[in-house]
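Hi,

Here is the structure I said I would pass on. Have a look at it first, and then read on for what turned up in it.

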Amino acid sequence: MIEPTDHDALLVVDVQKDFLPGGALAVPDGDAVVPVLNRYLETFRRRGLPVFATRDWHPPDHCSFRERGGPWPAHCVAGTPGAEFPPELELPTEADVVSKATEPEREAYSGFEGTDLETRLKRRGVRRLFVGGLATEYCVLNTVRDAIRRGFEVFLLTDAIRAVNPEDGRKALEEMRRLGARFVTLADLA
Ligand code: VGL
Ligand code: ZN
């Protein structure tokens, strides 16, 4: 059992409409993370612990888009419906929202890259991060790697992540375990 307590925070990575079925860059089964994350959100809310949410927040001409020679269809353009959090995700109003990959010429899969996420976490006294969201082998992997590099202890919510590609998702899990992330599910939480 793991009991979230002082110095713990929940970090929801890029759970946005464009990454869900029907979205511009839908992650297979991506919507399955929403009800599970709602249960983690409830656990953190009940304990008065902080919740952070990253969002992919691209300019319309972002370098990762196909029309610019990048790998992805246009997605999560800042201020558009596709960039919104789905209404089913029960983020508290006081959740700390971090926008990333906002510069046209820079890709940023990690929530720490080009943002003040680390500052905000430290200001709140966070030492351990419980991380779930989308997609496993892109923004979750890179956010977890950067969190560990910066000295945070990471609990990966393995029932609240989904991959774009299953094989790459498995490799990302191996990599995160190798880096020292601990794997947890709802059943492990007190
Ligand atoms: C992501 C691909 C492109 C992610 C963001 O959030 O994992 N993946 N942009
Ligand atoms: Zn993106």
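Strands β2 and β3 run parallel and are joined by 5 bridges. Keep in mind as you read that this is a predicted model. If you want a spot to start from, find R55, which stands opposite S99 in β3. The side chains of β3 alternate along the strand: D96, V98 and K100 point to one face and are buried, while V97 and S99 point to the other face and are not buried. That fits the general pattern, since side chains in a regular strand alternate between the two faces of the sheet.

On to β1, which also pairs with β2, in the parallel sense and over 4 bridges. Here L11 stands opposite F52 in β2. β1 has another partner in β4, again in the parallel sense, this time over 6 bridges, and L10 stands opposite F130 in β4. How much of β1 is covered? Strand β1 spans residues 8-13, and 6 of its 6 residues are buried. D8, L10 and V12 point one way, A9, L11 and V13 point the other way, and all of them are buried.

F130 is worth a second look for its ring. The structure holds 5 aromatic pairs, and one of them is F44 with F130, an edge-to-face pair with 5.4 Å from centre to centre and 65° between the planes. F44 belongs to helix α1 (residues 33-46) and F130 to strand β4 (residues 128-134), so the pair ties together parts that are 86 residues apart in sequence. F44 and F130 are both buried. Ring pairs also bring in F155, which makes a cluster of F44, F130 and F155.

Another pair to pull up is F112 with F152. Their ring centres are 6.0 Å apart and their planes are at 35°, so this pair is tilted. F112 lies in the loop between β3 (96-100) and α2 (117-123), and F152 in the loop between α3 (136-149) and β5 (153-162), so parts that are 40 residues apart in sequence are tied together here. Are these two buried or exposed? F112 counts as buried at 4% relative accessibility, and F152 counts as buried at 5%.

Rings meet charges too. The charged end of R55 sits over the ring of W57, 3.5 Å from the ring centre. R177 does something along those lines with F183: R177 lies over the face of that ring, at 4.1 Å from its centre.

Next, the metal. Which residues coordinate the zinc ion (ligand 2)? They are D56 (OD), H58 (NE2) and H75 (NE2), at 2.0 to 2.1 Å. Along the chain, these donors follow the spacing D-x1-H-x16-H. D56 is in strand β2 (residues 51-56) and H75 is in the loop between β2 and β3, 19 residues apart, and the pair links distant parts of the chain. Both D56 and H75 are buried. The site has 4 donor atoms with angles of 87 to 169° among them, and it is irregular. As a yardstick, the ideal angle for four tetrahedral donors is 109.5 degrees.

How many disulfides does the structure hold? It holds 0. A disulfide is a covalent bond between the sulfur atoms of two cysteines. For C63, the closest cysteine sulfur is in C139, 13 Å away, which is too far for a bond. For C76, the closest one is again in C139, at 8.8 Å, and that is too far for a bond as well. C76 counts as buried, at 0% relative accessibility.

One last thing, back in helix α1, where you will find E42. E42 is partly exposed, with a relative accessible area of 34%. E42 and P92 are 50 residues apart in sequence, and their C-alpha atoms are 9.3 Å apart in space.

If you open the model with just two places in mind, try the zinc ion (ligand 2) with D56, H58 and H75 around it, and the cluster of F44, F130 and F155.

Cheers

Methods:
Residues numbered from 1 in each chain as written. Chains lettered and ligands numbered in written order. Predicted model: local features only at pLDDT ≥ 70, side-chain atom pairs only at ≥ 80, totals over all residues. Heavy atoms only, no water. Phe/Tyr/Trp six-rings, centres within 6.5 Å; stacked < 30°, edge-to-face > 60°. Helix = DSSP H or I, 4+ residues; strand = E, 2+ residues; numbered from the N terminus. Buried < 20%, exposed > 50% of the residue type's maximum accessible area, 1.4 Å probe, protein only. Lys NZ or Arg CZ within 6 Å of the ring centre and 35° of its normal. Disulfide = S-S within 2.5 Å. Donors = N, O, S within 2.8 Å, 3.2 Å for Na, K, Ca; no water. Tetrahedral: all angles 85-135°; square planar, octahedral: opposite > 155°, others 65-115°. Pairing = 2+ DSSP bridges.
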